[in-house]
Amino acid sequence: VTAAEIGAFLQTVAKRLENEFPDTNTGWTIQMKSMNDRFIDPAVRRTLWCLLGALGVLLTVICATVTGLHTVRLASRRQELSIRAALGASRWRVIRQIVIESLILVSLGICLSLVVYKCSNGIAMQIVPPWAPMLKPVELDWRIIAVTGDATLMLGLGFGLIAALAGTRFSLADSLKQGGATATAG
């Protein structure tokens, strides 16, 4: 049944009630509202959308910061990457290794976040005041985990690729010369 059909049916019921009981039902109508409209105030909905936008900005800042840290870490590994390139590894093979390392770190982060969720969900429900309306423990299902995991993996892949491209842009000869001056036996 569509929303329009339900609305038409309710208007028919309202007219019938008005005809049967004119002294109590004159001027009254019956409206259909979705459960979201019933329980989520429009001001709260705007606040939730703003919160979602703020979380998106926070996620972008975190990804950019981790990308910067990853690029600095790659700069400290420049000698290792230079030796790999000197031994015959192409730039794309080195980039692939760096992106795979980034994806492994992201996957470990996803697993750690699920463990933190499982440990903290009961604690969060104890902190919430009992008079707060309609609160119940948040349960994860496979769709939430899949969407969040896919988005996180895509961000990890994208920002890992950016860091890998920036971190592998160096002169092989210069890197090997700098590494040779500081290399020691041991």
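**Helical architecture, principal pocket and nonpolar core**

Ser-102 has its place in helix α6, and its surroundings in this predicted model provide a convenient point of entry to the description of the chain. Because its relative accessibility is 9%, below the 20% limit, Ser-102 is classed as buried. A polar atom of the Ser-102 side chain lies 3.3 Å from the backbone oxygen of Gly-156. When residues up to four places away in sequence are not counted, Ser-102 touches His-70, Gly-156 and Gly-160.

One of these partners, His-70, belongs to helix α4 and is likewise assigned to the buried class, since its relative accessible area is 7%. The side chain of His-70 is joined to that of Arg-73 by a polar contact of 3.1 Å, and, with neighbours within four places in sequence left aside, His-70 is in contact with Ile-98, Ser-102 and Ala-163.

The wider setting of these residues is a chain whose secondary structure comprises eight helices and zero strands, so that the pattern read along the sequence is α-α-α-α-α-α-α-α. The chain has 186 residues, of which 16% are buried. Among the contacts in the chain with a separation of 6 or more, 68% are accounted for by residues 24 or more positions apart.

The largest pocket has a volume of about 740 Å³ and is lined by 26 residues, with Leu-59, Val-106, Gly-109, Ile-110 and Thr-152 lying nearest its centre. At least two residues of this lining are supplied by each of α4 (42-76), α6 (91-127) and α7 (142-167), and the greatest share comes from α7, which gives nine residues. By residue class, the lining of the largest pocket divides into 15 nonpolar residues, ten polar residues and one charged residue.

Apart from the pocket, the packing of nonpolar side chains was examined. The largest nonpolar core is made up of seven residues, namely Leu-74, Leu-81, Val-94, Ile-95, Ile-98, Val-99 and Ala-164. Helix α6 gives the most to this core, with four residues. For Ile-95, a member of the core, the contacts that remain once neighbours within four places in sequence are left aside are with Leu-161, Ala-164, Leu-165 and Thr-168. Ala-164, listed among these contacts of Ile-95, is itself part of the core, as is Ile-98, which was noted above as a contact of His-70.

Two further positions were considered in terms of accessibility and of spacing between C-alpha atoms. Asn-121 lies in helix α6, and its relative accessibility of 16% is the reason why Asn-121 counts as buried. The C-alpha atoms of Asn-121 and Glu-139 are 8.9 Å apart in space, while the two residues are separated by 18 residues in sequence. Phe-9, by contrast, is found in helix α1 (residues 3-20) and counts as exposed, because its relative accessibility of 55% is over the 50% limit. Between the C-alpha atoms of Phe-9 and Ile-30, which are 21 residues apart along the chain, the separation is 9.7 Å.

Definitions and conventions: Residues are numbered from 1 along each chain as its sequence is written. This is a predicted model: local features need pLDDT of at least 70, side-chain atom pairs count only at pLDDT 80 or more; totals for chains, interfaces and linings use all residues. Side-chain values use heavy atoms; hydrogens and water are left out. On a 1 Å grid over the protein atoms alone, a cavity is a set of points where a 1.4 Å probe fits but cannot get out, and a pocket is an open set with protein on both sides within 12 Å along at least five of seven lines; lining residues have an atom within 4 Å of a point. Grid points are joined across faces, edges and corners, and a volume is the space filled by probe spheres set on the points. Ala, Val, Leu, Ile, Met, Phe, Trp, Tyr, Cys and Pro count as nonpolar, Asp, Glu, Lys and Arg as charged, and the others, Gly among them, as polar. Buried means under 20% relative accessible area, exposed over 50%, partly exposed in between (1.4 Å probe, protein chains only). A polar contact is a pair of N or O atoms within 3.5 Å; within protein, one must be able to donate a hydrogen and the other to accept it, and residues adjacent in sequence count only if both atoms are side-chain atoms. Contact means heavy atoms within 4.5 Å. A nonpolar core is a set of buried Ala, Val, Leu, Ile, Met, Phe, Trp, Tyr and Cys residues joined through side-chain atoms within 4.5 Å.
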